[in-house]
Amino acid sequence: MKTAVSIPDALFEAADALARERRVSRSALYAEALAMLLASAGDDDVTRQLDALYADSSVPVDPIVAVANSTLAAEPW
């Protein structure tokens with residue numbers, strides 16, 4: 001589908017340079033960027049659902065998971 005969008009000049013120039021560097025068309029670059037954004041939006045929904053599930057403190061935590069969590073918290077990331 002063909003469409004027209006307005007973006008800031010600096011963003012256009014950066015995207016144009018990246019498209020040339022990757023040897024793809026601007027259309028292909030924009031399509032890939034939109035696909036990545038849409039895919040990550042789905043990840044946010046999954047994260048929200050998991051956060052809601054684990055916010056319920058009445059659900060018991062497996063003792064092995066509790067030990068693993070406490071061990072990981074002490075790791076210098």
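This briefing walks through the salt bridges, the largest pocket, a surface patch and a few single residues of the structure above. Please keep in mind that the model is predicted. The structure holds three salt bridges, and its largest pocket offers about 400 Å³ of space. There is also a nonpolar surface patch of about 350 Å².

**Salt bridges**

- Side chains of opposite charge can pair when their charged atoms come close.
- Three salt bridges are present in this structure, and each of them is described below.
- One of them joins the side chains of Arg-20 and Asp-16, with 2.7 Å from N to O.
- Arg-20 and Asp-16 both sit in helix 1, and because they are four residues apart there, about one helical turn separates them.
- The two partners differ in how open they are: Arg-20 is exposed at 55% relative accessibility, whereas Asp-16 is buried at 17%.
- Asp-16 counts as buried because its relative accessible area of 17% is under 20%.
- Asp-16 also forms a salt bridge with Arg-26, where the closest N and O atoms are 2.8 Å apart.
- This second pair links distant parts of the chain, since Arg-26 belongs to helix 2 and Asp-16 to helix 1, ten residues apart.
- Arg-26 itself is partly exposed, with a relative accessible area of 39%.
- A further salt bridge brings together the side chains of Glu-32 and Arg-22, at 3.0 Å from N to O.
- Glu-32 lies in helix 2 and Arg-22 in helix 1, so this pair ties together parts that are ten residues apart in sequence.
- Glu-32 is partly exposed at 34% relative accessible area, and Arg-22 is partly exposed at 39%.
- Through shared partners, salt bridges join Asp-16, Arg-20 and Arg-26 into one network.

**The largest pocket**

- The space in the largest pocket comes to about 400 Å³.
- Its lining is made of 13 residues, and the closest to the pocket centre are Thr-3, Val-5, Tyr-30, Ala-31 and Leu-34.
- Helix 2, which spans residues 26-55, gives the largest share of this lining, with six residues.
- By type, the lining residues divide into ten nonpolar, two polar and one charged.

**The nonpolar surface patch**

- Val-5, Ile-7, Leu-11 and Phe-12 make a nonpolar surface patch of about 350 Å².
- Val-5 therefore appears in two places in this briefing, as one of the patch residues and among those closest to the centre of the largest pocket.
- Leu-11, another of the patch residues, has its place in helix 1, residues 9-22.
- Leu-11 is partly exposed, with a relative accessible area of 49%.

**Single residues worth finding**

- Arg-23 is found in the loop between helix 1 and helix 2.
- Although Arg-23 is not a glycine, it has a positive phi of about 60°.
- With 77% relative accessibility, Arg-23 counts as exposed, because the cut-off for exposed is over 50%.
- Ala-66 lies in helix 3, which covers residues 63-73.
- At 36% relative accessibility, Ala-66 counts as partly exposed.
- Ala-66 and Gln-49 are 17 residues apart along the chain, and 21 Å separates their C-alpha atoms.

Key. Residues numbered from 1 in each chain as written. Predicted model: local features only at pLDDT ≥ 70, side-chain atom pairs only at ≥ 80, totals over all residues. Heavy atoms only, no water. 1 Å grid on protein atoms, 1.4 Å probe; cavity = no way out; pocket = protein on both sides within 12 Å on 5 of 7 lines; lining within 4 Å. Points joined across faces, edges and corners; volume = space filled by probe spheres on them. Helix = DSSP H or I, 4+ residues; strand = E, 2+ residues; numbered from the N terminus. Nonpolar A, V, L, I, M, F, W, Y, C, P; charged D, E, K, R; others polar. Patch = residues over 30% accessible without salt bridge, like charges linked within 9 Å, V, L, I, M, F, W, Y side chains within 5 Å. Areas by Shrake-Rupley, 256 points an atom, 1.4 Å probe, with all protein chains shown as cover. Salt bridge = Lys/Arg side-chain N within 4 Å of Asp/Glu carboxyl O. Buried < 20%, exposed > 50% of the residue type's maximum accessible area, 1.4 Å probe, protein only.
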